[in-house]
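Here are a few notes to read alongside the model, written as short numbered points. I hope they help you find your way around the helices.

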Amino acid sequence: MRKEATRLVSALLRAGNNGVSTSWAVGGTRLKSAMPQPDEKKDEDLHAKEGKVLHPHLLNENVVKTQYAVRGELYLRAEQLRKEGKEIIFTNVGNPHALGAKPLTFTRQVLALCAAPFLLDHPKVEDMFPADAIARAKKILASFKGGVGAYTDSRGNPLVREEVARFIEKRDGVPSNPDHIFLTDGASVAVRLCLNAMIRHDRDSVLVPIPQYPLYSASIRLYGGTLVGYFLDERRGWGLSVEELQRALQEAREEGKLVRGLVFINPGNPTGQCLSKENLQELIKFAYQEKIVLMADEVYQENVYQDERPFVSAKKVMWEMGEPYRSHVELLSFHTVSKGTAGECGLRGGYVEMTNIHPGAIEEVYKCASINLSPNTMGQIALSVLVNPPKPGDPSYDQYTKEKASELVSLRRRAHMVTDGFNALDGVTCNFTEGAMYSFPQIKLPAKALEAAKAAGKAGDVFYCLKLLEATGISTVPGSGFGQEEGTFHLRTTILPREEVMTHFVEKFDKFHKDFMKQYS
């Protein structure tokens, strides 16, 4: 009877909190809550407004507070201008094919055959497609029961997960378990899947580099957690320091926050820096000492434009460090087909590999992944080609490697073109884009420009970027959308426009900036 009474009190308290009148049966006697009846008018106000249940004032507050600058005010204005007939150069997002990059031939040949398997029975299929593309398509289709139109396992097709595991083993010289790999609709979905599992309430916090990619700030806000920023040092090429990590962690803990994750992006977005092996060792030691999950955003691992710091994965470094790090540091590693030379953003293929994560936690993430039934099949096939490309001696090998090498060489030239163009301007400084797809210059705005921005109700960098868009059609993202040190102003642009377009981009930017500075100096 005592247990039943305890349950009754708990139910009454919950009912009081929710403003609900309820009755219960205790010991065979039906009891009714003595709580006051709810105010029907008040409930109606909470239920609908202006005749709408889904009114902006009645949505989940985390949804309303979520911001995503990459497709925010500047992007919406650019879309409006495009509809009005203005030519727009969309450098606001890393979207290679939209800016003229061509898909890799072998990838699309395999995708075409998998999407239209009747082509495999065509008498001239061997005249239309190379033998290795045909063989690959047949192998993939044999593993996709029901073809690309059927659901796969919620973690993704077992063959593709096995290929991802072999890719990681070849890259790092480290064992990889395909059952600890989740294929997802792009790396962004994998990041959100992990953050959703990690964040329990608003005290739960994640260390994120500032400047950061807004996926993290938006997702952490959406799931009700707290972002704790640690600043990268612009004066040292956007360098990462353990001292700054320790400062951010200590302040968060003093405020009662529970720091559970640490994000790093290598190569960096929006900053374009490449982390050294020593940087990664420091991060791994920090995570071990502080019992924090490392989230390694490595989606730009192919996009490296200097030779001093080639990409090396966090998993490889952790393994080489030996014990206790090798078997204790919890690591989530992300990759995608959207970046690199593939640039297949629209196909939405990515993965997360979970290292040293508790098997029970992996099962819970699997359950959440199952809510979406399965990742899309075409993205999985694109990922299969990315991690298992043509081998030396295969019919498609020479063309495949030539296409990739040509694009990387061009990207390296464009990285120099953009960086040199920015640094040639008065009041602009820009660290070299060592990797990824972006430049993140600092703009020293004159006092008159800041006054005009304030009068317009805009942040200084938003004001500058809007003026740039209106004058040139160049769509960028203000630095305030990524986070920046107080009193500094930046913008992010991709280096993705083709070289002939990039020449015009630099010329347009040069003219605009000089006119802007003349107007507001």
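1. The UniProt record, an unreviewed entry, lists residues 131-508 as "domain: Aminotransferase class I/classII large". In this predicted model, that stretch is 45% helix and 15% strand. Its end C-alpha atoms lie 47 Å apart.

2. Have a look next at α17 (397-423) and helix α20 (residues 499-520). Their axes come within 10 Å and cross at roughly 5°, so α17 and α20 are roughly parallel to each other. On the α17 side, the contact is made by S410, R413, R414, M417, V418, G421 and F422; α20 contributes E499, M502, T503, F505, V506 and F509. By class, the residues of this contact divide into seven nonpolar, three polar and three charged.

3. A second helix pair, α12 (residues 277-290) and α13 (residues 314-321), packs at an angle of about 70° with axes 9 Å apart. That angle makes α12 roughly perpendicular to α13, because 65 to 115 degrees counts as such. Here K277, L280, Q281, I284 and K285 of α12 meet A314, V317, M318, E320 and M321 of α13. The contact of α12 with α13 has six nonpolar, one polar and three charged residues.

4. Finally, which residues of helix α5 (residues 105-115) are buried? They are F106, T107, Q109, V110, L111, L113 and C114. The elements covering these buried residues include α6 (125-128), α7 (131-143), α16 (377-387) and α17 (397-423). So you will meet α17 here again, after its contact with α20 in point 2.

Technical notes: Residues numbered from 1 in each chain as written. Predicted model: local features only at pLDDT ≥ 70, side-chain atom pairs only at ≥ 80, totals over all residues. Heavy atoms only, no water. Axes fitted to C-alpha atoms, helices over the stretch in contact; angles between N-to-C directions. Helix = DSSP H or I, 4+ residues; strand = E, 2+ residues; numbered from the N terminus. Parallel < 35°, antiparallel > 145°, perpendicular 65-115°, else oblique. Contact = heavy atoms within 4.5 Å. Nonpolar A, V, L, I, M, F, W, Y, C, P; charged D, E, K, R; others polar. Buried < 20%, exposed > 50% of the residue type's maximum accessible area, 1.4 Å probe, protein only. UniProt positions renumbered as here; feature names shortened; annotations may be inferred.
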